[in-house]
Protein chains: 2
Amino acid sequence: MVSEDYKAMLQGKSIIRQLAEYATARGAEIGYENVFDYSLGNPGVPAPQAFTDEMIRLLKEEDPMKLHGYSQSQGIPEVRQKHADYLNKRFGMNYTAEHLFMTTGAAGAVAHAARAVTKPGDEVITFAPFFPEYIQYINRTGAKLKIVQADTENFQIDFDAFRSAFTDKTAAVLINTPNNPSGAMYSEETLKTLSGIMRKMQDKYDHEIFLLSDEPYREIVFDGKTCPYPAKFYENTLTCYSYSKSLSVPGERIGYVAINPEAKDADLISAMCAQISRGLGHNCPPSIIQLAVANTLGVTSDISVYETNMNTLYDELTGLGFKIVRPGGTFYIMPKALEDDSVSFCNKAKEHDLILVPADGFGAPGYFRMAYCIETEKVNRSLEAFRRFVNECYPGRRD
Amino acid sequence: MVSEDYKAMLQGKSIIRQLAEYATARGAEIGYENVFDYSLGNPGVPAPQAFTDEMIRLLKEEDPMKLHGYSQSQGIPEVRQKHADYLNKRFGMNYTAEHLFMTTGAAGAVAHAARAVTKPGDEVITFAPFFPEYIQYINRTGAKLKIVQADTENFQIDFDAFRSAFTDKTAAVLINTPNNPSGAMYSEETLKTLSGIMRKMQDKYDHEIFLLSDEPYREIVFDGKTCPYPAKFYENTLTCYSYSKSLSVPGERIGYVAINPEAKDADLISAMCAQISRGLGHNCPPSIIQLAVANTLGVTSDISVYETNMNTLYDELTGLGFKIVRPGGTFYIMPKALEDDSVSFCNKAKEHDLILVPADGFGAPGYFRMAYCIETEKVNRSLEAFRRFVNECYPGRRD
């Protein structure tokens, strides 16, 4: 019989997908240029030419048997070595090829990393606001995702709530910096406090507690800053990365898990991930894509557009009276809605062809998320729609 | 803590991998051309130029935002439509795009298909000899793989043993035709009897029993025949395919599940597979590879070399006194060893630089597998090694 479990999931269409489909339908009606669709986190700039050129070079010059052949389950050895060298230079780490496991994007990375350091019945702590797919990524391993309430002041971490969340079943803590949906980037201070608490809890419960650090937005940071690298702060860290955002290749499914060489069983975890793959049906990410990203390490799409868009929206929406924690990175911003019910707020915005996502599903009721990975020209034109929307629906809120 | 479960798996290095590593080490010693490595099922001919050309064309001509963007979780709609059209024409089916689910190879296909039609605790029947990864593919879903003993006469199906294997927990039957490791192709008669029994068991136990048909070797068939299409014989069939063998692109991880439109809940299963992906960390196979295979449907590598190799080996080994079921397809042959202990037999062969795999792990003790996806020239040179090996170790066996 077909699985009742998965059949039931068909009923729960995500609100993001519903809104994106509405935007497409509305665009067909009034012209897509007139719909300000801030729903989907799809990169808004093309892959860099260097990536395309490298793909073509591989196809033209490499032996097809080698190029398209099975890679080791852990990933192509030279690809892992290049990643180790790159990360060592950039972050002052000591990775070897044996600490790298190539994956099909961050989803694959978290799916493997979580299985490597938990067992069914364990608990994995994460922080609101959070990427809702984490529920699937973690709970489908047999472990259970436990959400710590948001620090709504600055979207760092509510450490009192964090401390209270630990039990003897806590096996891992999952962070996402810079963060989808808030855009917040964890400060060094946040990471120091986080790791200090985790070390204490390791002692208290007498077992390792791993940090799963999901960093697909690592390159998209603003104001000339760089994102502190969580593995520098905590030994038992598995870093999960995806090239989807930095290279604008989300469909090509490529990323990695990097295991901190200081972690417990650091030399085994990548090989364990290869064992995990056997049950998940992964095997390895596509060979040619592995080679293409390894040969263009350090290259990114023209991601500066996201900062331009962020500044425009932050300034305008702040001016309109929105309370916003200024994003440190990503292509998301998460203002507080102008009424307590963010679903109602977003429905009213929809009437002005502003497609905003209520953040309830991200664990931040009362807020909404905007994915501003769209053309700057469109962001600029959306401002007038925002002004009209706020003036008409919330006339008392504007100065 | 790291998972004890997956850590324990590190101890169980597969005998195939051990032998392949031995072959590489031995090759470094005496020259790789002198080691007759029949261990690994890696395609031995390059990807067709049409595939390479199409990849380059996509990179040069397509909008990179579209080319590398997220595909729907079920796969790119036009890719699924092209597959439906192709399969309908070739096999007289009635697939629509909604009956296709694009996967990362056959491993991904079986991982999704099995979860779609089983629940933890269910049983999935398969037939010896079988691809040992099936144990991982099925048991890691929470269901349990149940092996029916081999029909060693012709490597079709021992139907009495099959009938006895059903219980009220039987949710699916997993077949692989043409078969790795035996090379046997199920005849129409076999498929008719199989489906007749399955229909009766559906009635007896009053629930659907799905056929999972794993067909990565579908194109590699011999003697001018074509492989009967199992879905034509049984309504509740999920066909699992991989392009790894037909296009010689095993590293690019691309395949599909095709859901028979006559199956129970046929219109839901692809969408359910997309839900399953969320927990497995798949999302979708690489976009550019999806497009490249959809735009070269019907093209294959020069797979005729496998038939040449098979004929050479079959004739020579039969002449040397081996008992062999003549393969109908694939690039495997599975003769009976010349002593009861096939591990001992293969160890002796290794002394003659013949790398043969004992078939015990495939559920066929007493047999050995040869993957003859190597250069024909090398197959020819291996014959003398075989003669020497048999004459020296089993002098009484030769006519």
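1. Domain bounds here come from an automatic or database domain assignment. On that basis chain A splits into domain 1, covering 4–47 + 302–393, and domain 2, covering 63–294. Keep in mind throughout that this is a predicted model. The centres of the two domains of chain A, taken over C-alpha atoms, are 27 Å apart.

2. Next, how the two domains of chain A meet. Domain 1 puts 25 residues in contact with 28 residues of domain 2. On the domain 1 side, α12 (304–319) and β9 (332–333) of chain A each bring at least two residues to the side that touches domain 2. The top contributor there is α12(A), with three residues. By type, that side of domain 1 of chain A has 16 nonpolar residues, seven polar and two charged.

3. Some overall numbers for chain A. I count 14 helices and 12 strands from the assignment. The C-alpha atoms of chain A fill a box of roughly 60 × 55 × 55 Å along the principal axes. For 399 residues, a compact globule would be expected to have a radius of gyration near 21 Å, and chain A agrees at 21 Å. Of those 399 residues, 54% count as buried. Sequence separation is worth a look too: taking contacts in chain A between residues at least 6 apart in sequence, 74% join residues at least 24 apart.

4. On to the pair of chains. Chain B lands on chain A after a rotation of 180 degrees with 0.0 Å of shift along the axis, and the RMSD is 0.0 Å. The two copies are therefore related as by a two-fold rotation axis. Both copies use the same surface, since 100% of the contact residues of chain B recur in chain A.

5. The contact between the chains itself: 65 residues come from chain B and 65 residues from chain A. Which elements of chain B give two or more residues to the side that touches chain A? They are α1 (4–9), α3 (49–61), α4 (64–67), α6 (105–117), α7 (133–139), α10 (266–280) and α11 (287–294). The residues on that side of chain B divide into 32 nonpolar, 21 polar and 12 charged.

6. One of those elements, α11(B), deserves its own point. This helix is mostly covered, with eight of its eight residues buried. They are Ser287(B), Ile288(B), Ile289(B), Gln290(B), Leu291(B), Ala292(B), Val293(B) and Ala294(B). The buried residues of α11(B) pack against α3, α4, α5 (77–91) and β2 (100–103) of chain B. So α3 and α4 of chain B turn up both as packing partners of α11(B) and among the elements on the side that touches chain A.

7. The core. The largest nonpolar core has 257 residues, and those with the most contacts inside it are Ala114(A), Tyr372(A), Ala114(B) and Tyr372(B). What does Ala114(B) touch, not counting residues up to four places away in sequence? Its partners are Val124(B), Tyr137(B), Ile138(B), Thr141(B), Ala143(B), Ala172(B) and Leu212(B).

8. Backbone checks, peptide bonds first. Most residues other than glycine have a negative phi, and most peptide bonds are trans. In chain A, the bond from Thr177(A) to Pro178(A) is cis, with omega near -10 degrees. Pro178(A) sits in the loop between β5 (170–176) and α9 (188–205) of chain A. Chain B has a cis bond from Thr177(B) to Pro178(B), again with omega near -10 degrees, and Pro178(B) is in the loop between β5 and α9 of chain B.

9. Two positive phi values to look at. Asp353(A) is not a glycine, yet its phi is positive at about 60 degrees. Asp353(A) belongs to the loop between α13 (342–351) and β10 (354–355) of chain A. Is Asp353(A) buried or partly exposed? With 17 other C-beta atoms within 10 Å, Asp353(A) is partly exposed, because a residue needs 20 or more to be called buried.

10. The other is Asn283(B), a residue other than glycine whose phi is positive, near 75 degrees. Asn283(B) is placed in the loop between α10 and α11 of chain B. Asn283(B) has 23 other C-beta atoms within 10 Å, so Asn283(B) is buried. The two helices flanking this loop, α10 and α11 of chain B, are among the elements that give two or more residues to the side touching chain A.

Note on methods
Residues numbered from 1 in each chain as written. Chains lettered and ligands numbered in written order. Predicted model: local features only at pLDDT ≥ 70, side-chain atom pairs only at ≥ 80, totals over all residues. Contact = placed C-beta atoms within 7 Å. Helix = DSSP H or I, 4+ residues; strand = E, 2+ residues; numbered from the N terminus. Nonpolar A, V, L, I, M, F, W, Y, C, P; charged D, E, K, R; others polar. Core = buried A, V, L, I, M, F, W, Y, C linked by C-beta atoms within 7 Å. Buried ≥ 20, exposed ≤ 12 C-beta atoms within 10 Å, placed from the backbone. Least-squares fit on C-alpha atoms with pLDDT ≥ 70 in both. Rg over C-alpha atoms; globule rule 2.2 N^0.38 Å.
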